[in-house]
Amino acid sequence: MELDERKVQILKAIIQNYLETGEPVGSRTISKASGLKLSPATIRNEMSDLEELGYIIQPHTSAGRIPSDKGYRFYVDQLMEEKEQEVEEMKGLMLKRVDRVELLLRQMAQILARNTNYAAMITGPQYHLTKLKFIQLSKVDSNKLLAVIVVDGNMIKNAMIDVEEELSDEALLNLNILLNSNLNGLTIEEINLHMISMLKEQAGIHSRVVDRVLEKIAEVIRADQEELQIYTSGATNIFKYPELSDGENASKLISTLEEKELLQDLVADAMQSSDSTGIQIYIGDETPVQTMKDCSVVTAQYELGEGLHGTIGIIGPKRMDYERVLGTLKTLMTQLDAVFHKKE
């Protein structure tokens, strides 16, 4: 006989109560504590069925019941299923959260543009994956290696590397030691020609393998840095300002905001140049984007967690209301921090 939902709930209540007290559990205890809203008589009938099925036992006459091995097994299996379901639901929530993040950032760009009457941009959050923490080379087959690359933020990247020679286990171990002892804690920029030459020299006959590994590491990290989502809004607001609405200049500025590639230069510069408050102000020629030379740009850095950052920007005329823009950006940074910390 399959256990129906009521029997399952009663069995779980018996086991949980017994785990807490170590004492046999009676029907009256289950009736009071389980929240099932069943009479002691109904629970006694269900307990009799559970005993007959072998899920609980009665150690003494007129005493309460305790779980049998079969009952414990059922409980543990149910618990495992529930935990697996929780994991799947959590994965689903994480995917939904990504969607909500994108939606939230788009909405914030729109709000910024509407509240300031300027153009607005906001980048998706990124890990700054610059420093190497660990490299592990493993053999896939005679001419292929798997490189597991761990970088700041404990982010893991896998890459396949083709090699012309088959490496022995000893040679692979020595290469792993060589790479980790010299590269851990370094950024790609710090792995200069001198260091590469030194590593290749120490690798001896396997210098070509080192070359391929370093190429792949650089490729993986740079590719990750280039995956930058930028959301913009309010591009047409520039037509409200005569000094920016000149036909050709306005067209170039709108193209920059819509196509977004050039905005990556602005984001990169802002991240390096912002002050202790995370704010950077560019006026005219100070901006790294040629099409914004007639504009002022105010950027701010937001942080959602360890190593997870993004950039907010306002683009307008040089005569923009700086006080209002700075206040708006600081408020938005605070709101972003509050929103994301509530979700954690």
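This report walks through the fold, salt bridges, surface charge and a few individual residues of a predicted model.

## The chain as a whole

Let's begin with the overall picture. The chain has 344 residues, and 40% of them are buried. Its secondary structure amounts to 10 helices and 11 strands. The accessible surface is about 19200 Å², with carbon and sulfur atoms supplying 49% of that area.

How much of the contact map joins residues at least 24 apart? If you take the contacts between residues at least 6 apart in sequence, 58% of them link residues at least 24 apart.

## Salt bridges between elements

The model contains 12 salt bridges. A good one to pull up in your viewer is the pair K144 and D162, whose side chains meet at 2.6 Å, N to O. K144 belongs to strand β6 (residues 144–151) and D162 to strand β7 (residues 155–162), so this bridge ties together parts of the chain that are 18 residues apart in sequence. Both ends have some access to the surface: K144 is partly exposed at 26% relative accessible area, and D162 is partly exposed at 40%.

Next comes the bridge between R212 and E164, with an N to O distance of 3.9 Å. The salt-bridge cut-off is 4 Å, so this pair counts as one. R212 sits in helix α7 (residues 207–226), while E164 is in the loop between β7 and α5 (169–183), so the two joined parts lie 48 residues apart in sequence. R212 is partly exposed, with a relative accessible area of 22%, whereas E164 is exposed, with 58%.

## A loop-to-loop bridge and a network

Which residue does R319 pair with? Its salt-bridge partner is E243, and the closest N and O atoms are 2.5 Å apart. This pair links distant parts of the chain, 76 residues apart: R319 is in the loop between β11 (308–317) and α10 (322–343), and E243 is in the loop between β8 and α8. R319 is exposed at 53% relative accessible area, and E243 is partly exposed at 36%.

Some salt bridges also share partners. In this way D4, R6, K7, E46 and D49 are joined into one network.

## A negative patch on the surface

Four acidic residues deserve a look on the surface: D246, D285, E286 and D294 gather there in a patch of negative charge. One of them, D246, is found in the loop between β8 (230–233) and α8 (247–259). D246 has a relative accessibility of 43%, so it counts as partly exposed.

Another patch member, E286, leads us to a residue with no access to the surface. The C-alpha atoms of E286 and S296 are 8.7 Å apart, and the two residues are separated by 10 places in sequence.

## Two buried residues

Is S296 buried or exposed? S296 is buried, because its relative accessible area is 0%, and the cut-off for buried is under 20%. S296 lies in strand β10 (residues 295–305). Beyond its neighbours within four places in sequence, S296 is in contact with Y282 and I283, with the run I314, I315, G316, P317 and K318, and with M320 and Y322.

L175, in helix α5, is the other buried example here, with a relative accessible area of 4%. Outside its neighbours within four places in sequence, L175 is in contact with L137, L167, A203, H206, V209 and V210. L175 can also be placed relative to Q136: the two are 39 residues apart in sequence and 9.3 Å apart in space, C-alpha to C-alpha.

## A backbone detail at N117

Finally, here is something for anyone who likes checking torsions. Most residues other than glycine have a negative phi. N117 has a positive phi, near 65°, and is not a glycine. Where is N117 placed in the chain? N117 is in the loop between α4 (69–116) and β3 (119–123). With 31% relative accessibility, N117 counts as partly exposed.

Terms used. Residues are numbered from 1 along each chain as its sequence is written. This is a predicted model: local features need pLDDT of at least 70, side-chain atom pairs count only at pLDDT 80 or more; totals for chains, interfaces and linings use all residues. Side-chain values use heavy atoms; hydrogens and water are left out. Patches are made of residues with over 30% relative accessible area and no salt bridge: like charges are joined within 9 Å, nonpolar side chains (Val, Leu, Ile, Met, Phe, Trp, Tyr) within 5 Å. Accessible areas come from the Shrake-Rupley method with a 1.4 Å probe; for residues, only the protein chains shown count as cover. Lys and Arg count as positive and Asp and Glu as negative; His and the chain ends are not counted. The place of a charge is taken as NZ of Lys, CZ of Arg, CG of Asp or CD of Glu. Helices (H or I, at least four residues) and strands (E, at least two) are DSSP runs, numbered from the N terminus. Buried means under 20% relative accessible area, exposed over 50%, partly exposed in between (1.4 Å probe, protein chains only). Contact means heavy atoms within 4.5 Å.
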